[in-house]
Amino acid sequence: METRDAFASLLAQASTWQRMRGSEAWSRPFDDDWMLPRMERGELFLAYLDGEPVSAFRLLWEDRPFWGEREIGDSVYLHTFAVRRDRAGLGIGEAVIETVVGMGRERGRTRVRLDCFLSSTGLIGYYERNGFVSVGTASMQGKVVALMERAI
């Protein structure tokens with residue numbers, strides 16, 4: 001359960017930080033009902049620095065809810081991505097993105113894809129600086145998300 005606790009802590013911190021910045025992202029709790037099935041499916045990952053968990057992320061190998069007919073089995077999907085705020089600016093996020101690129105390459109995927117709320121302009125800018133381009137939008141539960149991808 002150490003992984004579960006670390007994941008929950010990182011996401012709770014990131015969720016609080018996002019709300020303080022006015023973001024509409026991550027409004028529902030990351031409780032055991034959400035987390036445990038995803039852990040069992042092997043979707044949740046932690047990144048460590050000096051033995052401490054400093055980033056959490058979720059990987060999917062298909063994502064029809066957001067990507068619909070664009071989902072053709074050629075991409076890896078990065079979701080629920082957070083870096084500990086006291087470690088921001090150290091290149092951890094960039095390193096995680098490169099790790100995800102490598103994981104996708106190992107499985108023969110050609111792209112990394114993600115989504116974020118269209119209103120999260122700072123986050124969109126961050127992803128653009130890390131090689132992602134906007135390829136459209138989708139609507140989920142009445143909210144509009146930017147669909148972004150990066151070639152592997």
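This passage walks through a predicted model of a protein chain, from its overall build to a few individual residues.

A good place to begin is the chain as a whole. Its secondary structure amounts to five helices and six strands, and, read from the N terminus, these elements follow one another in the order α-α-β-β-α-β-α-β-α-β-β. The radius of gyration is 15 Å, close to the 15 Å that the globule rule gives for 152 residues, so the chain is as compact as a globular protein of that length. Along its principal axes, the C-alpha trace spans about 35 × 35 × 30 Å. Of the 152 residues, 45% count as buried. The accessible surface comes to about 8,200 Å², and carbon and sulfur atoms account for 50% of that surface. Contacts also reach across the sequence: among those between residues at least 6 apart, 61% join residues at least 24 apart.

The strands can be followed in order, starting with β1 and β2. Strand β1 covers residues 44-49 and pairs with β2 in the antiparallel sense over six bridges. Within this pairing, Leu49 stands opposite Glu52 of β2. The two strands form a hairpin with two residues between them. One residue to look for here is Asp50, which lies in the loop between β1 and β2. Its phi is positive, at about 55 degrees, although Asp50 is not a glycine. For context, most residues other than glycine have a negative phi. Asp50 counts as exposed because its relative accessibility is 72%, where the cut-off for exposed is over 50%.

From the hairpin, the path of pairing leads on to β3. Strand β2 (residues 52-60) is joined to β3 by five bridges, and the two run antiparallel. Arg58 stands opposite His79 of β3 in this arrangement. Strand β3 itself spans residues 75-83 and is mostly covered, with nine of its nine residues buried. A further partner is strand β4 (residues 111-117), which runs parallel to β3 and is joined to it by three bridges. Here Tyr77 stands opposite Arg113 of β4. Together with helix α4 (residues 92-106), strands β3 and β4 make a right-handed β-α-β unit.

Two residues of β3 deserve a closer look. Ser75 is found in this strand and is buried, since its relative accessible area is 0%, against a cut-off of under 20%. The side chain of Ser75 makes a polar contact, at 3.0 Å, with the side chain of Asp74. Leaving out residues up to four places away in sequence, Ser75 touches Trp61, Arg109, Arg111 and Arg113. Thr80 is also found in β3. Its relative accessible area is 12%, so Thr80 is buried. The backbone at Thr80 has a phi near 50 degrees, a positive value in a residue other than glycine.

The surroundings of β3 can also be seen from the side of helix α5, which covers residues 121-129 and in which Ile124, Gly125, Tyr126 and Tyr127 are buried. The buried residues of α5 pack against β3, α4, β4 and β6 (143-151). Just after this helix, Gly131 takes a positive phi of about 90 degrees.

The tour ends with Ile152, in the segment after β6. This residue counts as partly exposed because its relative accessibility is 28%, which falls between the cut-offs of 20% and 50%. Ile152 and Arg105 are 47 residues apart in sequence, yet their C-alpha atoms are 6.5 Å apart in space. Arg105 is one of several residues in contact with Ile152 once neighbours within four places in sequence are set aside; the others are Val76, Val101, Gly104, Arg109, Thr110, Arg111 and Val112.

Terms used. Residues are numbered from 1 along each chain as its sequence is written. This is a predicted model: local features need pLDDT of at least 70, side-chain atom pairs count only at pLDDT 80 or more; totals for chains, interfaces and linings use all residues. Side-chain values use heavy atoms; hydrogens and water are left out. Buried means under 20% relative accessible area, exposed over 50%, partly exposed in between (1.4 Å probe, protein chains only). Helices (H or I, at least four residues) and strands (E, at least two) are DSSP runs, numbered from the N terminus. Two strands pair if DSSP finds at least two bridges between them. A crossover is right-handed if, with the strands pointing away from the viewer, the path from the first strand over the helix to the second runs clockwise. A polar contact is a pair of N or O atoms within 3.5 Å; within protein, one must be able to donate a hydrogen and the other to accept it, and residues adjacent in sequence count only if both atoms are side-chain atoms. Contact means heavy atoms within 4.5 Å. The radius of gyration is taken over C-alpha atoms; the globule rule is 2.2 Å times the number of residues to the power 0.38. Accessible areas come from the Shrake-Rupley method with a 1.4 Å probe; for residues, only the protein chains shown count as cover.
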